[in-house]
Amino acid sequence: MTTPATLRPFEPTDLEYERFAAMLRFAQPDDPRSVDELRHLDASQAEGDVQYRFVLERGGAVIGGASGGTWRHNPLPGYFSLSLWLVPDAQTTEHAEALFDRVESALAPHAPDVLVAGAREDRWQLPLLLSKGFRETDRMFSSQLDVTAFDAAKFEAFEEKSRAAGVDVRPLSAFDWRNETFERRWYDLAVSLLADVPQATTFQPWPFETWRERIPRQPRLLEQATFFAVRDGELVGFTELRPSAKPDTLLTGLTGVRRGHRRLGVAQTLKLAATEYARTHGFRFVRTSNHAVNRPMLSINEAMGFVKDPARIHLERLAR
């Protein structure tokens, strides 16, 4: 007789974090989460944020989970997000429905105007969400570069072009950055770049204090793998690498260049600096994600040899 699964709220204990992270490694091997990442996610909630997390257990093992709350990625008023996970041998309709119903019920008292979710196009979450009234509004491509096979010499002309334009690429560690003055310059750059990222939903920046806790003060920050492009003393471009729970892998965060400083090879030069960091520090892969409509950045990645995964679909459902 099969032991029935039970669904309960997440308990923030050391063991619970470890078990939840272990489940995620099986449920989403392309994008796992470490214990440190989960803890930082919880510790950096902004004032007024809502968050729920649930655990699906069977026979003492965590076989799935769900979360829901304020849309962290883009905190638009009235927008709430949800995520669902199941390990491969637990991906049944019964389990999927139970996870969805639990999160939906938890969020209902907050009267969300829009529910937001994401699912890879080849995963079980997508048909479930479509059956619940969600519709596709955007799609992202995750892709991966094997830095051990990458030939940087083919892209030297971009570095020469950016240097000729007076652009200098420096890691965060080269700056006196542990102060509010620099953090506000960094924040201004990030907000400017994010506002220009092509995407389906209106961009809503985090307040400075929230951004400060989530980005420069995050435990995953790599000072030597966070790169700025500087021109005439101004921060004009940016890229960052973060540790991944996936072995031998680094994740790319925001990459971009301010208007007025584009078409000078700056974005490519930033990407080359990040790739060189990964290679010289013993990593094999760099992963990145881009909106399908962001052709300029997709073109850079394609030229470098990034290989796409199946698309990740962004879905939304209006209040019923």
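A residue counts as buried when its relative accessible area is under 20%, as exposed when it is over 50%, and as partly exposed in between. Keep that scale handy as we walk through this predicted model. Take R279 as a warm-up: its relative accessibility is 43%, so R279 counts as partly exposed.

Let's stay with R279 for a moment. Its salt-bridge partner is E276, and the closest N and O atoms of the two sit 2.7 Å apart. Both residues belong to helix α8, which covers residues 266-280, and they are three residues apart, or about one turn of the helix. E276 has a relative accessible area of 35%, so E276 is partly exposed as well.

Now hop over to helix α6, residues 180-196. Here R184 and E180 form a salt bridge, with 2.7 Å between the closest N and O atoms. How far apart are R184 and E180 in helix α6? They are four residues apart, which means a separation of about one helical turn. On our scale, R184 is partly exposed because its relative accessible area is 40%. E180 comes out at 33% relative accessibility, so E180 is partly exposed too.

Next up is a pair with a twist: R120 and D122. Their side chains meet in a salt bridge, 2.7 Å from N to O. Is R120 buried or exposed? R120 counts as buried, because its relative accessibility is 13%. D122, on the other hand, has 44% relative accessibility and therefore counts as partly exposed.

Another residue to look up is E57, in strand β2, which runs over residues 51-58. E57 has a relative accessibility of 15%, so E57 counts as buried. Who are its neighbours? Leaving out residues up to four places away in sequence, E57 touches P4, A5, T6, R8, R19, V62 and I63. With R19 there is also a side-chain polar contact of 2.9 Å. And the story goes on from there: a network of salt bridges links R8, E16, R19 and E57. If you feel like hunting for others, the structure holds 32 salt bridges.

Time to zoom out. The chain splits into domain 1, residues 6-133, and domain 2, residues 143-311. Taken over C-alpha atoms, the centres of domain 1 and domain 2 are 28 Å apart. Where the two domains are in contact, domain 1 contributes 22 residues and domain 2 contributes 19. About 1,700 Å² of area is buried between domain 1 and domain 2, and carbon and sulfur atoms give 56% of that.

What sort of contacts cross this boundary? Between domain 1 and domain 2 there are two salt bridges. You can also look up the salt bridge of D49 and R214, whose closest N and O atoms are 3.0 Å apart. Across the interface of the two domains there are eight residue pairs in polar contact. On the side of domain 1 that touches domain 2, helix α2 (35-43) and strand β5 (114-120) each supply at least two residues. Sorted by class, that side of domain 1 has eight nonpolar, six polar and eight charged residues.

Methods. Residues are numbered from 1 along each chain as its sequence is written. This is a predicted model: local features need pLDDT of at least 70, side-chain atom pairs count only at pLDDT 80 or more; totals for chains, interfaces and linings use all residues. Side-chain values use heavy atoms; hydrogens and water are left out. Domain bounds come from an automatic or database domain assignment. Contact means heavy atoms within 4.5 Å. Buried area is the accessible area (1.4 Å probe) that two parts lose on being put together, summed over both. A salt bridge is a side-chain nitrogen of Lys or Arg within 4 Å of a carboxyl oxygen of Asp or Glu. A polar contact is a pair of N or O atoms within 3.5 Å; within protein, one must be able to donate a hydrogen and the other to accept it, and residues adjacent in sequence count only if both atoms are side-chain atoms. Ala, Val, Leu, Ile, Met, Phe, Trp, Tyr, Cys and Pro count as nonpolar, Asp, Glu, Lys and Arg as charged, and the others, Gly among them, as polar. Buried means under 20% relative accessible area, exposed over 50%, partly exposed in between (1.4 Å probe, protein chains only).
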